[in-house]
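These are my notebook entries on one structure. I set down what I looked up, topic by topic.

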There are 2 protein chains.
Amino acid sequence: MDTIDRSILLLLQKDGKITIKEIAERLNLTTTPIFERVKKLEREGYIKSYKAILDRKKVGFQLMAFCNITLNQHQKDFIKKFEKDIQRFPEVVECYHVAGMFDYLIKIYAEDMERYQDFLSNKLASLENISKVQSSFVMTEVKDFSYLPIS
Amino acid sequence: MDTIDRSILLLLQKDGKITIKEIAERLNLTTTPIFERVKKLEREGYIKSYKAILDRKKVGFQLMAFCNITLNQHQKDFIKKFEKDIQRFPEVVECYHVAGMFDYLIKIYAEDMERYQDFLSNKLASLENISKVQSSFVMTEVKDFSYLPIS
DNA sequence: ATAATATAAAGAATTTTATTCTAAATTTAC
DNA sequence: GTAAATTTAGAATAAAATTCTTTATATTAT
């Protein structure tokens with residue numbers, strides 16, 4: 001991992017479709033070294049994957065929300081069970097076990113409020129071991145980088 | 001937007017590097033219709049961009065945290081000012097204006113705790129208008145899809 | 001400091017993929 | 001049911017990825 005690799009990563013996370021040729025031109029190299037560096041970065045796991053980033057609203061998810069979840073029981077088995085269950089819900093696009101004022105933070109995508117309510121009432125609430133759920137609805141996405149501030 | 005388009009989006013958000021040819025094979029079509037559908041989905045904004053997804057820890061960000069932020073003043077000008085300021089910090093990779101128990105939820109990437117503290121004390125705290133900040137540190141990333149549950 | 005070695009890059013050649021074009025097929029509207 | 005519009009197939013072309021060989025650069029040991 002040197003400066004060139006970092007530059008490559010920076011370019012790729014901004015535009016996953018940038019060509020080897022264009023990276024090469026920007027970094028004043030030929031395609032071969034760039035090609036091999038990219039492959040190495042993929043092989044060694046610096047690049048986990050490539051994805052198309054979709055427009056959430058356009059594909060039908062009008063509603064985005066976060067839930068702060070507090071559990072009743074915190075023993076390992078209960079934790080494992082909860083984590084396994086929560087992953088199954090397609091509405092849950094992210095889930096983090098956190099240290100702070102609550103136990104889990106989850107990000108939810110839903111078509112509309114009705115679907116969100118359905119998720120809360122019929123899916124999330126049906127899990128045992130949940131003590132408290134606190135919802136926050138996203139009004140504005142002020143910043144959504146989805147790329148790391150590599151320098 | 002028909003079933004074929006949705007299938008294409010599903011494939012592309014799981015693997016942004018999938019070839020037109022392979023999509024075509026999977027959907028029992030030839031490359032031309034797939035090519036044109038993809039271009040249309042890009043043109044019409046269903047696909048916002050393509051990105052390489054990096055391994056956060058491997059590229060040096062050991063620490064991920066969320067902050068719940070409450071403002072003092074909620075008039076439009078204050079809101080705009082805060083949103084403009086918060087976007088400038090490279091540590092802030094996501095920022096949402098939410099309706100709930102607090103005003104903003106931000107996601108932070110930092111090299112380590114020291115850098116995080118530096119962000120909190122010297123950068124975030126220096127903004128006027130902040131009433132309360134509550135940090136949650138991510139211990140485990142239970143789920144991180146970064147793709148939408150298109151059905 | 002220099003020679004030997006290892007690593008990285010250049011340049012050309014090849015393979016694969018994306019892109020374009022024309023014609024045929026399918027769907028849609030009336 | 002027919003005409004128009006849309007979609008797809010198939011072939012041809014252009015561009016990109018990938019491989020290979022040679023050259024240059026950097027690293028290490030002496």
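The entries below go from the symmetry of the two chains to their contact, the barrel, and the DNA strands.

**Entry 1: the model and its symmetry**

I note at the outset that this is a predicted model. I began with the relation between the two protein chains. Chain A can be laid on chain B by a turn of 180° with a shift of 0.0 Å along the axis, and the RMSD is 0.0 Å. The two copies are thus related as by a two-fold rotation axis. I then looked for the C-alpha of chain A that lies nearest this axis, and found that of Lys51(A), at 2.8 Å.

**Entry 2: the contact between the chains**

How many residues does each chain bring to the contact? I recorded 56 residues from chain A and 56 residues from chain B. On chain A, the elements that each supply at least two residues to the side touching chain B are α1 (3–14), β1 (47–54), α4 (76–88), β3 (92–99), β4 (104–110) and β5 (130–144). The largest share comes from β5(A), with eleven residues. By class, this side of chain A has 31 nonpolar, twelve polar and 13 charged residues.

I also asked whether the copies meet through the same surface or through different ones. Of the interface residues of chain A, 100% are also interface residues in chain B, so the copies meet through the same surface.

**Entry 3: strands that pair across the chains**

I next followed the strand pairing from one chain to the other. As background, strands of a sheet pair through backbone hydrogen bonds, either parallel or antiparallel. β3(A) pairs with β5 (residues 130–144) of chain B in the antiparallel sense, over six bridges. Within β5(B), Phe137(B) stands opposite Ala99(A).

The converse pairing is also present: β5(A) and β3 (residues 92–99) of chain B are antiparallel and share six bridges. Here Glu141(A) has Tyr96(B), in β3(B), as its bridge partner.

**Entry 4: the barrel**

In what order do the strands close into a barrel? I traced eight strands, in the order β2(A)-β4(A)-β3(A)-β5(B)-β2(B)-β4(B)-β3(B)-β5(A), with antiparallel pairing. From one strand to the next the twist averages 35°.

I checked the pairings within each chain as well. In chain A, β3(A) and β4(A) are antiparallel and joined by five bridges, and Tyr96(A) stands opposite Leu105(A) in β4(A). In chain B, five bridges join the antiparallel strands β3(B) and β4(B). Tyr96(B), which I met above as the partner of Glu141(A), has Leu105(B) in β4(B) as a bridge partner too. β3(B) and β4(B) form a hairpin, with four residues between them.

I then turned to a helix of chain B. Helix α5 (residues 113–124) of chain B lies across β2 (63–71), β4 (104–110) and β5 of chain B, and runs at about 135° to β4(B).

**Entry 5: the surface near DNA strand D**

Which residues surround DNA strand D? From chain A I listed Thr19(A), Ile20(A), Lys21(A), Thr31(A), Thr32(A) and Phe35(A). From chain B I listed Ile4(B), Leu29(B), Thr30(B), Thr32(B), Pro33(B) and Glu36(B). The elements that give two or more residues here are α2 (20–26) and α3 (31–43) of chain A, together with α3 (31–43) of chain B. The residues divide into five nonpolar, five polar and two charged.

**Entry 6: the surface near DNA strand C**

Around DNA strand C, chain A places Ile4(A), Leu29(A), Thr30(A), Thr32(A) and Pro33(A). Chain B places Thr19(B), Ile20(B), Lys21(B), Thr31(B), Thr32(B) and Phe35(B). Which element gives the most to this surface? I found that α3(B) does, with three residues. By class, I noted five nonpolar, five polar and one charged.

**Entry 7: a record consulted**

Finally, I looked up chain A in UniProt. An unreviewed entry places the feature "domain: HTH asnC-type" at residues 1–62. In the model, this stretch of chain A is 52% helix and 13% strand. Its end C-alpha atoms are 40 Å apart.

How values were computed
Residues numbered from 1 in each chain as written. Chains lettered and ligands numbered in written order. Predicted model: local features only at pLDDT ≥ 70, side-chain atom pairs only at ≥ 80, totals over all residues. Least-squares fit on C-alpha atoms with pLDDT ≥ 70 in both. Contact = placed C-beta atoms within 7 Å. Near = placed C-beta within 6 Å. Nonpolar A, V, L, I, M, F, W, Y, C, P; charged D, E, K, R; others polar. Pairing = 2+ DSSP bridges. UniProt positions renumbered as here; feature names shortened; annotations may be inferred. Axes fitted to C-alpha atoms, helices over the stretch in contact; angles between N-to-C directions.
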